[in-house]
Amino acid sequence: MPLALQAGLWGLLSGSALLIGAAAGWFAPLPRRLIAAIMGFGAGVLISALSFDLMDEAWQRSHDAGSGFAPVAAGFIGGAALFTLCNFALGLWGARHRKRSGPEHRALDTSRCPQNGGALALGALLDGIPESIVIGVSLLEGHGVAKVAVAAVFLSNLPEGLSSAAGMKAEGRTAGFVFLLWAGIALVSGLAALLGYLLFAGAAPGLVAAVQAVAAGAILAMIVDTMVPEAFEETHDFAGLVAVAGFLLAFALSKLAG
């Protein structure tokens, strides 16, 4: 199977978690504490993935290209800044708490923007596109996809689909609208992963390093802004332990796979 198609399918797999979460949010809402634990675990896995599968590889590519540390640092800060600006704008439109599962957060969002389903969808795209591009870029070396990254993205998408679907149900949206919307976003995730491979296959190592650093900065900003608050709110003193467990598992899988 062509690597570009593999990238697209892996991106689609990670995006499919939005549909699974949406189904749970629509038909059988899970306990908030369980959602928060998944979020905390996923945050730990993502931090491990961006540390060892993104920043480390970005530094190595930049070093090999003779570009040094500056492009990696600039990309990392730039990715975080870009995410923060976009996230702030979406927050004004009602998507600030898109990864929060509590009804009080959805109520707050709805009071600011009564029909915020579109904002929630755009928020999911903001979160998911950098992650999907990372999945595509991970195939450039020809050693297979970074499965730890796929698992991390999958885990971060589950609670987002659950919370957002429940919020849109409260807005009076139909099941058909909600599931078609999340199916479309899952398809965009697959397309982003495919394009991530196609656009950067054969690109200069320095450019690929910059892209990886930008994605890593955006993902880390997303973790702190959207995932950590939900994890801490419900699990409190156990949030750190759950995140550490996720980090350790991802670290172990990364090293064992290598």
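**Helices, cores and selected residues of the predicted chain**

Helix 2 is built from 33 residues and reaches 46 Å from its first C-alpha to its last, a span close to the 48 Å expected at 1.5 Å a residue. Within helix 2 there is a kink of about 30°, and this kink is centred on leucine 50. The helix is followed by glycine 66, whose phi is positive, near 75°. These descriptions, like those below, refer to a predicted model.

In the protein chain as a whole, the secondary structure comes to 9 helices and 0 strands, and when read along the sequence it follows the pattern α-α-α-α-α-α-α-α-α. The chain has 258 residues, of which 48% are buried. Among the contacts in the protein chain with a separation of 6 or more, 85% are accounted for by residues 24 or more positions apart.

The confidence of the prediction varies along the chain. The mean pLDDT of the protein chain is 80, and 85% of its residues reach 70 or more. Confidence is highest in helix 1, at a mean of 89, and lowest in helix 4 (residues 103-112), at a mean of 46. Over residues 104-115 the pLDDT is below 50, and this stretch has 24 contacts in the model beyond near neighbours in sequence.

Two further helices were compared with the length expected from their residue counts. Helix 1 (residues 3-27) has 25 residues and should therefore span 36 Å at 1.5 Å a residue, which agrees with the 36 Å between its end C-alpha atoms. Helix 1 nevertheless has a kink of about 25°, centred on serine 14. For helix 7, the 26 residues should span 38 Å at 1.5 Å a residue, and the end C-alpha atoms are 38 Å apart, in agreement with that value. The buried residues of helix 7 include Val178, Phe179, Trp182, Ile185, Ala186 and Ser189, together with Gly190, Ala192, Ala193, Gly196, Tyr197 and Phe200. After helix 7 comes glycine 202, with a positive phi near 85°.

The largest nonpolar core has 41 residues, and those with the most contacts inside it are Leu46, Ile219, Ile223 and Met227. At least two residues of this core are supplied by each of helix 1, helix 2, helix 3, helix 5, helix 6 (147-170), helix 7 (175-200) and helix 8 (205-235). Helix 8 gives the most to this core, with 10 residues. Isoleucine 223 touches Ala43, Leu46, Ile47, Leu50, Val228 and Pro229, when residues up to four places away in sequence are not counted. Apart from this core lies another, of 10 residues, among them Leu18, Met168, Val178 and Trp182. A search of the whole structure finds 5 aromatic pairs, and ring pairs link Trp26, Phe27 and Phe179 into a cluster.

Two polar residues in helices are also buried. Glutamate 131, placed in helix 5 (residues 117-137), counts as buried because its relative accessibility is 1%, under the 20% limit. Not counting residues up to four places away in sequence, glutamate 131 touches Leu46, Val153, Ser156, Asn157, Ile219 and Met222; of these, Leu46 and Ile219 are also among the residues with the most contacts inside the largest nonpolar core. Serine 48, which lies in helix 2, has a relative accessible area of 2% and is therefore buried. With residues up to four places away in sequence left out, serine 48 touches Asp53, Phe247, Ala250 and Phe251.

Other residues have a greater share of their area accessible. Phenylalanine 69 lies in the loop between helix 2 (32-64) and helix 3 (70-93), and it is exposed because its relative accessible area, 53%, is over 50%. Phenylalanine 69 and alanine 58 are 11 residues apart in sequence, and their C-alpha atoms are 9.4 Å apart in space. Leucine 207, in helix 8, counts as partly exposed because its relative accessibility of 44% falls between the limits of 20% and 50%. Leucine 207 and serine 67 are separated by 140 residues in sequence, whereas the distance between them in space is 10.0 Å, C-alpha to C-alpha.

Key: Residues are numbered from 1 along each chain as its sequence is written. This is a predicted model: local features need pLDDT of at least 70, side-chain atom pairs count only at pLDDT 80 or more; totals for chains, interfaces and linings use all residues. Side-chain values use heavy atoms; hydrogens and water are left out. Helices (H or I, at least four residues) and strands (E, at least two) are DSSP runs, numbered from the N terminus. Buried means under 20% relative accessible area, exposed over 50%, partly exposed in between (1.4 Å probe, protein chains only). The expected span of a helix is 1.5 Å times one less than its number of residues. The bend at a residue is the angle between axes fitted to the seven residues ending there and the seven starting there. pLDDT is the predictor's confidence in each residue, from 0 to 100. Contact means heavy atoms within 4.5 Å. A nonpolar core is a set of buried Ala, Val, Leu, Ile, Met, Phe, Trp, Tyr and Cys residues joined through side-chain atoms within 4.5 Å. Rings of Phe, Tyr and Trp (its six-membered ring) pair if their centres lie within 6.5 Å; planes under 30 degrees apart count as stacked, over 60 as edge-to-face and the rest as tilted.
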